[in-house]
Amino acid sequence: MSELPKCPECGSEYTYEDREMFVCPECAHEWSVIAVEESADAARVIKDANGNVLQDGDTVTVIKDLKVKGSSLVVKVGAKAKNIRLVDGDHDIDCKIDGIGAMKLKSEFVKKA
């Protein structure tokens with residue numbers, strides 16, 4: 001069962017869905033299902049080290065030497081990762097780097113190419 005959002009007006013957790021609207025029984029506030037979906041997409045904005053917004057499919061360049069945990073490999077400055085995929089979590093970029101393979105990166109260590 002999916003979790004219904006709390007009421008944006010009073011914070012009540014007893015909301016219910018009525019067709020394409022959410023309704024709060026405590027304060028009678030109604031809001032659109034579409035507005036909730038758009039706000040969830042807007043909340044997930046990932047930016048690079050320079051503040052540029054990243055999107056799936058972008059190419060990024062590593063701006064700092066990064067040690068690969070559990071191995072003796074190092075991702076050198078200037079290494080490019082093409083066709084990135086943004087994911088949730090601490091390491092928010094899934095990518096492949098030539099010579100290293102698939103890995104996860106933090107967006108604070110890359111810049112958009």
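**Asp 92**

I started with Asp 92 and its burial: at 12% relative accessibility it counts as buried, because the cut-off for buried is under 20%. This is a predicted model, so I am reading computed values throughout, with local features needing pLDDT of at least 70. I located Asp 92 in the loop between strand 7 (80-86) and strand 8 (93-97).

What does the side chain of Asp 92 reach? I found the backbone nitrogen of Ser 107, at 3.0 Å. I then pulled the contacts of Asp 92, leaving out residues up to four places away in sequence: Ile 46, Arg 85, Leu 86, Val 87, Leu 105, Lys 106 and Ser 107.

**Ser 107**

I followed that polar contact to its other end. Ser 107 sits in the loop between strand 9 (101-105) and strand 10 (110-112). Buried or exposed, I asked of Ser 107? Its relative accessibility is 11%, so I filed it as buried.

The side chain of Ser 107 has a partner of its own: I see it reaching the backbone oxygen of Lys 47 at 3.2 Å. So my notes on Ser 107 now hold its backbone nitrogen, reached by the Asp 92 side chain, and its side chain, which goes to Lys 47. Beyond four places in sequence, Ser 107 touches Ile 46, Lys 47, Asp 48, Ala 49, Leu 54, Asp 92 and Ile 93. Ile 46 turns up in the contact list of Ser 107 and also in that of Asp 92.

**Glu 108**

I moved one place along. Glu 108 lies in the loop between strand 9 and strand 10. I noted it as partly exposed, because its relative accessibility is 48%. Its contacts, with residues up to four places away set aside, are Ala 49 and Ile 63. Ala 49 is also touched by Ser 107.

I checked Glu 108 against Asp 92 too: 16 residues separate them along the chain, and their C-alpha atoms are 9.6 Å apart.

**Largest pocket**

Next I looked for empty space. How much lies in the largest pocket? I get about 270 Å³. Leu 66, Lys 67, Val 68, Lys 69, His 91, Ile 100, Ala 102, Met 103, Lys 104, Leu 105, Lys 106 and Phe 109 form its lining. Strand 5 (66-67) and strand 9 are the elements that give two or more residues to that lining. Strand 9 gives the most, with four residues.

I sorted the lining by residue class and got seven nonpolar, four charged and one polar. Two of the lining residues, Leu 105 and Lys 106, I had already met as contacts of Asp 92.

**Val 68**

I picked Val 68 out of the pocket lining for a closer look. Its place is in the loop between strand 5 and strand 6 (74-75). With a relative accessible area of 17%, Val 68 goes down as buried. I listed what it touches, again skipping residues up to four places away: Leu 73, Val 75, Ile 100 and Met 103. Ile 100 and Met 103 are pocket-lining residues as well. The C-alpha atoms of Val 68 and Met 103 are 8.9 Å apart, with their positions 35 residues apart along the chain.

**Positive phi**

I scanned for positive phi outside glycine and wrote down Arg 19 and Ala 28. Arg 19 has phi near 55 degrees and is in the loop between strand 1 (16-18) and strand 2 (21-23). I count Arg 19 as exposed because its relative accessibility is 78%.

Ala 28 comes out at about 65 degrees, in the loop between strand 2 and strand 3 (30-32). Ala 28 is exposed too, with a relative accessible area of 59%.

**Whole chain**

I zoomed out last. I count one helix and ten strands, and from the N terminus the order reads β-β-β-α-β-β-β-β-β-β-β.

How does the radius of gyration sit against a compact globule of 113 residues? I have 20 Å for the protein, where such a globule would have a value near 13 Å. The C-alpha atoms fill a box of roughly 60 × 30 × 20 Å along the principal axes.

Of the 113 residues, 28% are buried. For contacts with a separation of 6 or more, I noted that 36% come from residues 24 or more positions apart.

Note on methods
Residues numbered from 1 in each chain as written. Predicted model: local features only at pLDDT ≥ 70, side-chain atom pairs only at ≥ 80, totals over all residues. Heavy atoms only, no water. Buried < 20%, exposed > 50% of the residue type's maximum accessible area, 1.4 Å probe, protein only. Polar contact = N/O pair within 3.5 Å; in protein donor to acceptor, adjacent residues only side chain to side chain. Contact = heavy atoms within 4.5 Å. 1 Å grid on protein atoms, 1.4 Å probe; cavity = no way out; pocket = protein on both sides within 12 Å on 5 of 7 lines; lining within 4 Å. Points joined across faces, edges and corners; volume = space filled by probe spheres on them. Nonpolar A, V, L, I, M, F, W, Y, C, P; charged D, E, K, R; others polar. Rg over C-alpha atoms; globule rule 2.2 N^0.38 Å.
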